[in-house]
Amino acid sequence: MSIMSNAKRALAIAAAAATLFSMAACGSSNAAGNKSDSSSAASSGKIEVVASINQWGSVAEDLGGGNVEVTNIMTKTNVEAHDYEPTSQDVAKFGTAKVAVVNGADYDPWATKAAQSTKATLVTAAETAGIKEGDNPHVWFSAKVRSNAADAITAAYQKADPSHKDDYAKLNKEWHAKEDQLESKIKETSAKTENLPYAATESVAWHLADDLKMTDATPKGYAQASANESEPTPADIKDFQDTLKGGSIKMLVFNSQEANSTTDQITGAAKDVNVPIVELTEQMPKQYTNLLDWMSALVDQFAAAVK
């Protein structure tokens with residue numbers, strides 16, 4: 001979903017806070033356990049890093065190389081970060097990390113809450129580009145956020161491990177070279193997609209579509225319902241179907257991670273009139289271990305879908 005509901009947000013934050021409180025209340029036994037974990041990490045000579053979602057975890061790995069050990073909390077496409085309730089083990093990972101990478105923009109508030117209560121250097125991807133709560137939170141689809149977040153992660157590594165400062169600078173340069181290649185592909189593809197009206201079952205890939213200079217033509221009623229995490233009305237669904245049949249929408253972006261009877265009606269209408277469908281997920285699929293590779297494959301899908 002595009003924006004987490006107040007109820008889900010409150011539950012997620014409360015769960016993280018309760019877990020942190022229970023860990024603190026355990027006294028010296030937990031403290032000794034954390035010390036042991038930290039000592040183990042220190043003996044390996046690596047920076048212990050925790051990322052809320054594997055998208056940012058993959059970037060953290062690329063930028064740290066052999067000098068970091070990255071743990072991703074969320075790695076599956078069948079669970080939404082919005083709805084995730086952290087376990088005590090999850091929170092403990094934040095507690096022993098030197099660097100924590102979260103998405104922000106109210107996408108993973110449980111992770112932000114857990115990280116803020118530790119001594120870890122916190123990198124919040126959305127904040128590196130001024131994206132805040134209420135904005136579209138799926139910021140890993142944004143070239144600007146990826147670039148800014150990468151630099152923030154590198155700075156965090158250099159602060160935590162100054163003896164390898166030059167290594168991190170080199171890895172950052174190598175990562176940016178790959179991001180530059182991706183952005184060149186986006187620019188080339190935008191020659192075909194600029195001003196192309198598209199609609200989406202959810203605004204998951206909005207930032208990527210914006211980088212491709214496409215025009216979001218999702219019917220207003222449906223879009224508002226999706227943004228508010230409420231069910232679209234039958235009138236909203238019919239309006240979406242009619243708009244597709246009318247021919248003004250040239251591409252449909254479908255988040256298969258949130259497939260249901262409503263999206264079946266929308267995708268069915270698109271297929272009936274041969275509107276190309278770009279199918280994607282919110283979380284990084286298991287066949288990808290690298291965010292940039294995933295984004296590159298998605299750009300290829302958008303390019304192939306242009307008639």
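# A tour from the cavity to the cores

The largest cavity has a volume of about 30 Å³. The model is predicted, and it holds 1 cavity of 30 Å³ or more. To find this cavity, select Tyr-198, Ala-200, Glu-202, Ser-203, Val-204, Ala-205, Trp-206, Ala-209 and Val-253, which line it. Now colour strand E5 and helix H8 (206-211): each supplies at least two residues of the lining.

**Helix H9**

Keep strand E5 (197-200) on screen, since the next stop involves it. Which elements cover the buried residues of H9? Strand E5, H10 and helix H11 (261-272) are among them. Select the buried residues themselves: Tyr-222, Ala-225 and Ser-226. Look down the axis of H9; the buried residues fall within an arc of 100°, so they line one face of the helix. An α-helix has 3.6 residues a turn, so residues three or four places apart point the same way. Then step just past the end of H9 to Glu-229, which takes a positive phi of about 55°.

**A pair of rings**

Go back to Tyr-222 and add Phe-240 to the selection. The structure holds 6 aromatic pairs, and this is one of them: the ring centres of Tyr-222 and Phe-240 are 4.8 Å apart. Is the pair stacked or edge-to-face? The planes of the two rings stand at 80°, and an angle over 60 degrees counts as edge-to-face, so the pair is edge-to-face. Tyr-222 sits in helix H9 (residues 220-227) and Phe-240 in helix H10 (residues 234-246), so the pair links distant parts of the chain, 18 residues apart. Are these two residues buried or exposed? Buried means under 20% relative accessible area. Tyr-222 has 4% relative accessibility, so it counts as buried; Phe-240, at 0%, counts as buried too.

**A cluster of rings**

Next select Tyr-107, Trp-140, Phe-141 and Trp-294. Ring pairs link these four residues into a cluster.

**The nonpolar cores**

Keep Trp-140 selected and add Trp-56. Leaving aside neighbours within four places in sequence, Trp-56 is in contact with several residues, including Trp-140, Val-101, Asn-103, Arg-146 and Leu-291. Trp-56, Phe-94 and Tyr-157 have the most contacts inside the largest nonpolar core, which has 69 residues. Colour helix H12 (residues 291-305) to see where the largest share of this core, 8 residues, comes from. For the last stop, select Ile-237, Ile-249, Ile-266 and Ala-269. They are among the 11 residues of another core, which lies apart from the largest one.

Conventions. Residues numbered from 1 in each chain as written. Predicted model: local features only at pLDDT ≥ 70, side-chain atom pairs only at ≥ 80, totals over all residues. Heavy atoms only, no water. Phe/Tyr/Trp six-rings, centres within 6.5 Å; stacked < 30°, edge-to-face > 60°. Helix = DSSP H or I, 4+ residues; strand = E, 2+ residues; numbered from the N terminus. Buried < 20%, exposed > 50% of the residue type's maximum accessible area, 1.4 Å probe, protein only. Core = buried A, V, L, I, M, F, W, Y, C linked by side-chain atoms within 4.5 Å. Contact = heavy atoms within 4.5 Å. Arc of directions from axis to C-beta. 1 Å grid on protein atoms, 1.4 Å probe; cavity = no way out; pocket = protein on both sides within 12 Å on 5 of 7 lines; lining within 4 Å. Points joined across faces, edges and corners; volume = space filled by probe spheres on them.
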